[in-house]
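Open the model in your viewer and keep the selection tool at hand. This tour goes stop by stop, telling you what to pick and what is there.

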Amino acid sequence: LDRRDAAVQSLRQRSGGRTRSIHVGFPRVSPAHFDLVIATPQYPMADHPNLLRVPYALTRTCGADPKDAAQLDALPAPRRLLIVGGPTLYWQLDHAALLRVLENMLGDADHGGSVLVTTSPRTPPRLRDQISRILSQSTAPALLAEPKGRPGYASLLEGADSIRVTADSVSMISDAIGTGKPVALIPIAKSALGRLAFALMDWVRPGKRAYPQVLRIAEQ
């Protein structure tokens with residue numbers, strides 16, 4: 001039980017059941033411990049009356065920062081945004097496929113528009129350096145943003161005309177879909193652990209979700 005969840009349970013007990021609790025995400029305990037759990041389908045939770053599965057993550061992206069306007073306005077439209085995630089327990093980025101997508105985006109931008117790329121805290125440094133090198137060698141207008149840098153993530157989402165995002169994060173995909181702009185997913189590959197875990201799960205518990213999350217079930 002997570003310390004935050006334990007605190008919620010303690011408050012419920014002290015209030016004599018008068019406190020209502022809502023958990024957004026994966027609580028790692030049964031939804032029976034809460035009045036409502038809101039989660040996306042990739043988490044390994046059995047169906048429960050207190051569980052509401054939603055197709056997209058409830059994201060907390062704030063509005064664009066006016067301080068970023070000048071930097072983005074200097075880049076010609078259409079602005080093509082690439083959001084790059086990183087490896088997770090069961091999944092890894094296909095670096096070659098990702099870089100091919102970037103090269104194609106830059107090729108399109110040579111005929112008009114620009115390319116925006118933002119990395120995430122999980123993006124491997126080596127991949128980040130490869131992206132930086134490709135952008136620096138391109139003749140197309142381009143920009144590389146990083147976490148906690150400028151322009152900010154929310155500003156990039158608002159300033160983009162189209163978005164491509166790696167499929168390792170339901171939250172990043174939800175952020176992109178929430179803009180209402182054209183979105184394309186860049187496929188990811190199973191890690192060595194992922195291949196082993198899914199093969200074992202498919203043999204022992206066919207169709208069941210693997211702990212802590214299974215992106216291949218997220219769309220079901």
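On this tour, two residues are in contact when heavy atoms lie within 4.5 Å. Keep in mind that the model is predicted.

**Stop 1: helix H3**

Select residues 95-109, which form helix H3. Its end C-alpha atoms are 21 Å apart, which agrees with the 21 Å that 15 residues should span at 1.5 Å a residue. Now colour its buried residues: Ala-97, Leu-98, Leu-99, Leu-102, Met-105, Leu-106 and Ala-109.

What covers these buried residues of H3? The cover includes five strands to switch on one by one: E4 (79-83), E6 (114-118), E7 (142-145), E8 (162-166) and E9 (183-186). Helix H4 (125-137) is also part of the cover.

**Stop 2: the cores**

Stay with H3 and widen the view. The largest nonpolar core has 43 residues. Which of them touch the most other members? Select Leu-81, Leu-82, Val-84, Leu-102, Val-117 and Ile-131. H3 gives the most to this core, with six residues.

Zoom in on Leu-82. Leaving aside residues up to four places away in sequence, Leu-82 touches Leu-98, Leu-102 and Met-105. Leu-82 also touches Leu-116, Val-117, Thr-118, Arg-164 and Ile-186.

A second core is separate and has eight residues, including Phe-26, Phe-34, Val-37 and Leu-51.

**Stop 3: Phe-26 and Tyr-43**

The structure holds three aromatic pairs. Select Phe-26 and Tyr-43 for one of them, a stacked pair. The ring centres are 5.2 Å apart, with 20° between the planes. Where in the chain do Phe-26 and Tyr-43 sit? Phe-26 is in the loop between strand E1 (22-24) and strand E2 (36-39). Tyr-43 is in the loop between E2 and strand E3 (51-53). The two are 17 residues apart, and the pair links distant parts of the chain. Both Phe-26 and Tyr-43 are buried.

**Stop 4: Trp-91 and Phe-198**

Next, select Trp-91 and Phe-198. Their ring centres are 5.6 Å apart and their planes meet at 45°, so the pair is tilted. Trp-91 lies in strand E5 and Phe-198 in helix H7, 107 residues apart. Trp-91 counts as buried because its relative accessibility is 10%, under the 20% cut-off. Phe-198 counts as buried too, at 2%. Add Tyr-90 to the selection: Tyr-90, Trp-91 and Phe-198 form one aromatic cluster.

**Stop 5: helix H7**

Follow Phe-198 into its helix. Select residues 192-204 for H7, which has 13 residues. H7 reaches 18 Å from its first C-alpha to its last, close to the 18 Å expected. Its buried residues are Gly-194, Ala-197, Phe-198 and Met-201. Look down the axis of H7: these residues fall within an arc of 95°, so they line one face of the helix. An α-helix has 3.6 residues a turn, so residues three or four places apart point the same way.

Which exposed residues does the face turned away from the buried side carry? Pick out Ala-192, Leu-196, Trp-203 and Val-204. Then return to the buried side, where the cover includes strand E5 (91-93) and strand E10 (188-190).

**Stop 6: Ser-169**

Finish at Ser-169, in the loop between E8 and helix H6 (170-178). Is Ser-169 buried or exposed? At 11% relative accessibility, Ser-169 counts as buried. Show its side chain, which reaches the backbone nitrogen of Met-172 at 3.0 Å.

Conventions:
Residues are numbered from 1 along each chain as its sequence is written. This is a predicted model: local features need pLDDT of at least 70, side-chain atom pairs count only at pLDDT 80 or more; totals for chains, interfaces and linings use all residues. Side-chain values use heavy atoms; hydrogens and water are left out. Helices (H or I, at least four residues) and strands (E, at least two) are DSSP runs, numbered from the N terminus. The expected span of a helix is 1.5 Å times one less than its number of residues. Buried means under 20% relative accessible area, exposed over 50%, partly exposed in between (1.4 Å probe, protein chains only). The arc is that of the directions from the helix axis to the C-beta atoms. A polar contact is a pair of N or O atoms within 3.5 Å; within protein, one must be able to donate a hydrogen and the other to accept it, and residues adjacent in sequence count only if both atoms are side-chain atoms. Rings of Phe, Tyr and Trp (its six-membered ring) pair if their centres lie within 6.5 Å; planes under 30 degrees apart count as stacked, over 60 as edge-to-face and the rest as tilted. A nonpolar core is a set of buried Ala, Val, Leu, Ile, Met, Phe, Trp, Tyr and Cys residues joined through side-chain atoms within 4.5 Å.
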